[in-house]
Amino acid sequence: MRALYIHADSMEFEAKEKTKAAEEIPAELRSGRMEEVLVAFITVESGDEGKIAQVASEASRDLLSTMEKVGAERVLVYPYAHLSGDLAKPKASVEALDLLTEMLKAAGAEAHRAPFGWYKSFDVRCKGHPMSELSRDFKGKEEKRAPKGEDSYFVLTPEGREIQIGDYGGGSECMRAMIDKEALGKEAPAAGEPEYLRLCRKFGIQWEAMSDAGHMCLAPHGAMMFDLISDYATQIVNSSGMSVYNVKGTNMFSLDEPAVKEHADLFGDRLYTVSTGKKSFVLRYAACHQQFAMIRNWNISYRQMPFGAFEVADSYRLEQSGECMLCFRSRRLNMPDFHVMCRTVPEAQEYFAKLDGDIFGEIEKIGRDYDMLVNFSSRKAYEENKALIEGLCRLHNRDALIHLYPDGINYYWTVNIEYHLLDQMKRPREIGTVQIDVGNAERFGITYADEKGEKRHPIILHCAVIGSIERYMYSLLDTAVGIERSGSPGYLPVWIAPEQVRLMPMSGEFAGAAAEMASRLRAEGVRVSVDDTDATVGKKVRRAKQDWCSYAAVIGEAEVSSGRLKVYVRSENRDAEMGEGELLARIKGETAGFPVRPMYMPSELSRRCEM
RNA sequence: GCCGCUGUGGCUAAGGGGUAUAGCGACGCCUUGGUAAGGCGUAGGUCGUGGGUUCGAUUCCCAUCAGCGGCUCCA
C-alpha cells in the first residue's frame with residue numbers, strides 16, 4: 001500500500017464520472033469539503049491482497065501518529081490509483097480502505113473516506129510546512145517484536161548496582177550521549193559536513209557513483225589502508241593463542257536452504273538479494289553463513305575445542321540510501337568476522353571476556369576509548385550473564401548501559417556488547433562487537449562429540465575485534481580529526497600512513513642519492529616516496545606536509561656530505577636531526593607488530609598521475 | 001526511503017536571461033632552488049542530466065540523477 005499525505009488547510013472533492021471499478025454511493029457522499037485535514041491519497045497494491053489487515057493496521061497507526069505530529073484535526077482517506085502501477089483488485093482495495101477508515105475511527109480519530117473508482121476533481125490547499133507532504137509505503141510486515149513487553153534500559157555499575165536512567169547522573173560523555181541516543185531516543189544534531197570526509201577525499205576514499213548507493217571505491221592510498229587493516233584484523237585473531245581456521249567464502253547463499261532462509265527472515269528488510277532468474281540468493285550480511293555451512297560438515301571432538309573460524313567477509317546490507325555514511329554505514333562492508341565454537345556456556349563466557357579484553361586493547365592502541373552498550377535478549381539472559389558483564393565493568397572500571405529486550409522473542413543470541421566510541425561530532429558510534437549465540441549451531445546443524453561421544457551443539461561467539469574494516473578506518477580518520485582540532489597537524493599511525501617517508505632531493509644533482517636512500521629504506525619495508533619533480537624546495541616541503549607524510553627530509557649537499565638528515569616529524573610537528581639509521585630504527589619501533597605493505601602507487605612523484 | 005540544501009574545466013570556488021571568471025593542478029619555456037606556493041605563457045567547460053517557458057536558458061520552471069545535512073531505520 002502506498003500513500004501520499006498532504007496536511008491541508010482545506011480539501012474539496014467531487015466525484016465526476018464512474019470508472020468500471022466504481023462503487024455505488026449515495027449522491028450526498030459524492031462530494032465533500034473539509035478543513036484542517038490530513039489527506040491520505042492511497043493506492044492499494046496487489047501484494048497487499050493477502051494481508052489486508054496488517055497493511056491497514058500499519059497504515060492506521062502511521063496516520064494517527066502523523067496526525068498528532070502535524071496537528072491535523074481530521075483525516076480523509078482518499079482512494080488514489082496513481083501511486084503504483086501494480087494495483088490490487090477493486091474489491092480488495094475497497095476492503096482495505098474501509099478497514100483503514102474503521103480503524104482510524106476506532107482509535108478516536110475523525111475519519112472520512114472519499115468514493116472509490118470515480119474520476120474525481122479535487123482542490124487541495126497544502127500547508128507547505130516541512131511535514132505537510134509525506135509519502136509512505138506500507139508492507140504489512142509481521143510485527144517482529146510481539147508487543148509483549150517494553151524494551152528497558154538501565155545502567156550497571158562495577159559494584160553490580162542497577163541504576164535507572166532517570167537516576168543516573170554520572171558517566172562519560174560517551175555514556176551520556178549513548179543514553180540519550182539509545183534509551184531516550186534523542187541525539188544531538190550535528191551541524192555541517194563532518195570533517196573526516198575531507199580526509200576521505202585526501203586518501204581517495206569515496207562513493208562509487210556508477211554503482212548502487214552505499215558502495216565505496218578506494219584510490220591507491222585508501223586501498224592500501226584497507227588492505228593493511230584487513231591484514232591486521234587477520235593477524236589479531238591468529239595471534240590470540242586460540243586455534244583459528246582461516247577460510248574464504250562466497251558472498252551469496254540460496255534462499256532455498258532452510259537455514260539460510262530462517263536466518264535471513266530474522267535479519268529483516270535490510271536483505272540485499274540477487275536473482276538469476278531461476279533462483280534467489282541473499283548476499284551475506286556477515287561471515288556467519290559461510291563459516292557455519294562449512295563447519296557443519298566438520299567432524300569435531302570436544303578435545304579440539306574451543307576453536308575459531310575467521311574471514312574478512314565482504315558483506316551486504318541494504319541500508320536506506322539516505323542513511324549511508326562513508327566508512328561507517330555502507331551497503332557493502334567488510335567484516336573481519338570471528339566465530340568461536342565453545343563447548344559450554346561457561347566456556348563461552350570465559351572467551352567472551354577474553355575477546356572483550358582484545359577489543360578494548362585495540363581501541364586503546366589508537367588512543368581511543370569505548371563505552372559499552374550491552375544487549376540482552378531476555379530477563380533470563382540478563383540473570384545468566386549479569387556476573388560476566390559486571391566483571392567486565394570492574395575490569396574496565398566503568399559503567400555499562402544495559403538494554404533488555406522484551407521477553408518472549410526467540411533470538412539466536414543471549415547477550416551482546418556493542419562497543420561505542422564518541423566521535424568528533426559527539427555521536428556514539430558502534431565499532432567493535434561480541435555476542436553469545438545459542439541458536440545457530442542447531443539451525444545450521446553444527447555438532448561436536450562430547451566426552452561421552454554424544455552429539456552436542458556448540459555455543460558460538462560472534463566477534464569483530466576492530467569492527468568492520470571500514471569502521472576501523474573511520475576510527476582512525478576521526479582520531480586524526482581530533483588531533484587537528486587540538487591544534488596539531490593531523491596524522492595517522494605510522495604503520496598505516498600511506499607515505500611514511502618523503503625524500504626531497506634539492507635538485508637533479510641529488511636525485512641519485514635520494515633514490516639510493518629510498519631503496520635502502522624500502523628494502524626494510526618502509527614506504528618511501530621521492531619528490532623528484534623540479535619544484536622548489538619550499539614547494540616540495542609544502543607538498544610533503546599536505547600529503548601527510550610521517551617523515552620528510554630534504555636531500556642536498558649538506559645531507560650527502562654529513563650523512564645527517566633534518567627530518568620533519570609530522571606527529572611532533574617539528575624538525576629533528578638524525579641519521580638514516582636512526583630514522584629507520586624509529587620507524588621500525590613505531591611499526592613493530594603491525595603488518596607491512598609496499599606503496600600502492602609509483603614512489604617517484606614525477607611518475608604519478610594527479611588523482 | 002522521506003524532507004531540505006547543493007551541483008559551474010581534474011580540484012576549490014565566483015557569477016548570473018544575451019553560451020562564463022579566478023586560484024590550484026596539467027602542459028611549455030625561463031629559474032637550479034635550503035624547509036608550507038619562484039616567474040611568464042598555453043590548453044582545458046555544450047555551467048550534473050532530460051524536458052518546459054523565452055527571440056534567446058548555464059541562469060527561471062518541472063522532472064531526474066548525485067552529494068551533503070536532518071528524519072526514520074539500524075535483526
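Which residues are the closest to RNA strand B, and how many surround this strand?

1. In this predicted model, 46 residues surround RNA strand B, and the closest of them are S321, G322, S507, R542 and G556. The elements that contribute two or more residues to the surface near the strand are β6 (133–137), α6 (258–267), α13 (537–546), α14 (557–562) and β28 (564–569).

2. Helix α13 supplies 7 residues, the largest share of the surface near RNA strand B. By residue class, the surface near this strand divides into 22 nonpolar, 11 polar and 13 charged residues.

3. Chain A as a whole has a secondary structure of 15 helices and 29 strands, and its C-alpha trace spans about 105 × 70 × 55 Å along the principal axes. Of its 611 residues, 38% count as buried, while residues 24 or more positions apart account for 76% of the contacts in chain A with a separation of 6 or more.

4. Helix α9 (residues 379–396) deserves a separate comment: its 18 residues reach 24 Å from the first C-alpha to the last, close to the 26 Å expected at 1.5 Å a residue, and yet the helix bends by about 55 degrees at N385. Just after α9, N397 takes a positive phi of about 50 degrees.

5. The buried residues of α9 are A381, Y382, L388, I389, L392 and C393, and the elements against which they pack are β7 (152–156), α8 (345–365), β18 (371–376), β19 (400–404) and β20 (413–422).

Notes:
Residues numbered from 1 in each chain as written. Chains lettered and ligands numbered in written order. Predicted model: local features only at pLDDT ≥ 70, side-chain atom pairs only at ≥ 80, totals over all residues. Near = placed C-beta within 6 Å. Helix = DSSP H or I, 4+ residues; strand = E, 2+ residues; numbered from the N terminus. Nonpolar A, V, L, I, M, F, W, Y, C, P; charged D, E, K, R; others polar. Expected span 1.5 Å × (residues − 1). Bend = angle between axes of the 7 residues up to and from the residue. Buried ≥ 20, exposed ≤ 12 C-beta atoms within 10 Å, placed from the backbone. Contact = placed C-beta atoms within 7 Å.
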